[in-house]
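Here is a short tour of one protein chain. Keep the sequence and the 3D view side by side as you read.

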Amino acid sequence: MLCTRLTNAHIITMDPDHPVAHDLGIWRGRIVGLDEAVTSLPAREVIDLQGATVLPGFIDSHVHLAWTGLKASTPSVAPCERVEDVLAVVDEAASRKASPGAWVDIAGYDQRSLGRHLTARELDRVSHGRKVFIMHDSGHACVVNSAVLDMLPADIPHQDGFLAESAMTAARRLRLPYAQTELADAIEHAARVCLSEGVTACAEAGIGGGLLGHSPVELGAYQLLRDQGRLPLRVQLMASGDTLRPLGAHADDGIPRALDLGVRTGFGDDWLSLGALKIYTDGGMMARTAALTSPYEGTSQTGQLQDDPDRLTGLIVDGHLAGWQLAVHAIGDRAADLALDALERAQRLRPRLEARHRIEHAGLIRPDQLPRMARLGISAVIQPNFLRYFGDDYATIMGEERANWMYRGRAFLDHGVTLVASSDRPVTDGAPLRAIQFMVERASTSGQIIGPDETVTVDEALRAYTVAGAYASHWNDTAGTLTPGKRADFVVLGDDPHRVDPSRIGDIEVVSTFVDGRNATDGWKA
């Protein structure tokens, strides 16, 4: 007997051998058959979907759950557009802290809405003796007051309280760590928001260190949720590159650096596992720190790398030698050059064609870099909603020619590069359907068309959030399509993205999201 049978549905399986179905059978969290193979079988529960559309659950291949959840409960200065309004938010938040010297966390900072950065002196006027840390929305910078600056080593560079990249990390480490229970609550909240938007699995892009780690024992927060039955979707964790260290492995292993006990990509189960090793090479376009080969339009600035190029290359190579899949953050084309050179060197030293290395963001990829990515078998993990919401600004700072190279779609597919879509939540809106709409239209919220030659079809965009997402996380045997034997993870939609006008895709209702064959959104609202 089946556990559940879906009937009277419009099921888009994403499987070319059986692309559309009307019935789907589930037993113990797995799909056991489609259509005639299950229609006559008895089931404990029969769900008549009355023609609703069913798709494989969306896979968000680059997300920050802990940051998302913490940000939701943190005072925010968005969408303040005047310095005075920002300072008023800081004043109120600081005055609520009970003890002098306490940390005051503020979210939602973006200098573009203010026309300039805040200064430490301005924050000092409203700090009430507290330590103020205002996180930039990009995750690549912050602004702090003098109380924090006084705690930093003298060689940490800053611009009157504004710190970017490694300097931001130095300031943030003064604030860490968060408690596992606090992180667990934040992760659960963010995961349930993801579920409400049709996401059934995601890759947490960097824990334990780097720019966005929250604790050296951060994995424990996810295990706590798993043990308590509170992890509502499947999570693959990327360890930050700086968690690797020399361990004195046997010379025959050829492993110069590793995580403790030698654990690496693939360790875990269907609900919680280790994925790629996350390595940052540059910053971001929002903070103007993405590393470019030519300056940002109208400036002499070319962004910055996170570290000495040789050290970054060494970390990438060592991660490959230790058996990790690599997820290399590279937004600017100069950073992409470094990533491609390092990955090519790593594959020469120890060929691992099955590694499925990834470039996270691939925000600005020149035409000459496309065939290199294809040749090395590297996936491009892009964030379409970056251009949907920030595209007007990004197009301006890149200039006319380079604007067509941002967060590509068609060019990756035409060159044989696996195109993977994701959100980078909470940097911007995490809804997959709105990202899919952008991939098809390439239109920002203002209506500006950005990179018109990079449009893809609806089916190609859906594949980037399902089939390609599963491939990028080594889940293709168990997820990405609604095929017998795979997990019963799927989303029920109020309409078929293929059948509506592209401008309406982002507004399609997510009716419910099923994980392991069970409705994971029933009774929960964001």
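The second largest cavity is lined by P56, G57, I59, T200, A201, R234, A479, G480, T481, R487 and D489. This is a predicted model, and every value here is computed from it. The space in the second largest cavity comes to about 70 Å³. Its lining splits into 4 nonpolar, 4 polar and 3 charged residues.

**Cavities and the largest pocket**

How many cavities of 30 Å³ or more does the structure hold? There are 3. The largest cavity has about 150 Å³ of space. Its lining counts 21 residues. Nearest its centre lie S138, H140, I331, F386 and D424. Two elements, β15 and α12, give two or more residues each to this lining. By type, the lining of the largest cavity divides into 11 nonpolar, 8 polar and 2 charged residues.

Now turn to the largest pocket. Its volume is about 580 Å³. It is lined by 23 residues, and those closest to its centre are I207, L219, L259, V263 and L274. At least two lining residues come from each of α8 (219-227), β14 (234-240) and β15 (272-280). The lining of the largest pocket holds 12 nonpolar, 6 polar and 5 charged residues.

The table sets these spaces side by side.

| Space | Volume | Nonpolar | Polar | Charged |
|---|---|---|---|---|
| Largest pocket | about 580 Å³ | 12 residues | 6 residues | 5 residues |
| Largest cavity | about 150 Å³ | 11 residues | 8 residues | 2 residues |
| Second largest cavity | about 70 Å³ | 4 residues | 4 residues | 3 residues |

**Aromatic rings around F386**

F386 was named above as one of the residues nearest the centre of the largest cavity. It also belongs to a group of rings. The structure holds 5 aromatic pairs. In one of them, the rings of F386 and F390 have their centres 6.1 Å apart. Their planes meet at 45°, so the pair is tilted. Where do F386 and F390 lie? Both are in helix α12 (residues 384-403). They are 4 residues apart, about one turn of the helix.

Is F386 buried or exposed? Its relative accessibility is 4%, so F386 counts as buried. The cut-off for buried is under 20%. F390, at 13% relative accessibility, counts as buried too.

F386 has another ring partner, Y407. The centres of these two rings are 5.6 Å apart, and their planes stand at 75°, so the pair is edge-to-face. This pair links distant parts of the chain. F386 sits in helix α12, while Y407 sits in the loop between α12 and α13 (410-414). The two are 21 residues apart. Y407 has a relative accessible area of 1%, so it is buried.

Which residues do ring pairs link into a cluster? They are F386, F390, Y394 and Y407.

**Charges over rings**

F390 has a charged neighbour as well. R112 lies over the face of F390, 5.1 Å from the ring centre. Another such contact joins R175 and Y178. Here the charged end of R175 sits over the ring of Y178, at 4.4 Å from its centre.

**Strands and their partners**

Look next at strand β1 (residues 2-7). It pairs with strand β4 (residues 24-27) in the antiparallel sense, over 3 bridges. T4 has I26 of β4 as its bridge partner.

β4 also pairs with strand β5 (residues 30-34), again in the antiparallel sense, over 4 bridges. In this pairing, G25 stands opposite G33 of β5. The hairpin of β4 and β5 has 2 residues between the strands. In this hairpin, R28 takes a positive phi near 50°.

In what sense do β9 and strand β10 (residues 131-136) pair, parallel or antiparallel? They pair in the parallel sense, over 5 bridges. D105 has F133 of β10 as its bridge partner.

Why is strand β9 (residues 103-109) described as largely enclosed by the rest of the structure? The reason is that 7 of its 7 residues are buried. In a regular strand, side chains alternate between the two faces of the sheet. In β9, 7 of the 7 residues are buried, so the strand is largely enclosed.

Definitions and conventions
Residues are numbered from 1 along each chain as its sequence is written. This is a predicted model: local features need pLDDT of at least 70, side-chain atom pairs count only at pLDDT 80 or more; totals for chains, interfaces and linings use all residues. Side-chain values use heavy atoms; hydrogens and water are left out. Buried means under 20% relative accessible area, exposed over 50%, partly exposed in between (1.4 Å probe, protein chains only). Two strands pair if DSSP finds at least two bridges between them. On a 1 Å grid over the protein atoms alone, a cavity is a set of points where a 1.4 Å probe fits but cannot get out, and a pocket is an open set with protein on both sides within 12 Å along at least five of seven lines; lining residues have an atom within 4 Å of a point. Grid points are joined across faces, edges and corners, and a volume is the space filled by probe spheres set on the points. Ala, Val, Leu, Ile, Met, Phe, Trp, Tyr, Cys and Pro count as nonpolar, Asp, Glu, Lys and Arg as charged, and the others, Gly among them, as polar. Rings of Phe, Tyr and Trp (its six-membered ring) pair if their centres lie within 6.5 Å; planes under 30 degrees apart count as stacked, over 60 as edge-to-face and the rest as tilted. A charge sits over a ring if NZ of Lys or CZ of Arg is within 6 Å of the ring centre and within 35 degrees of the ring normal.
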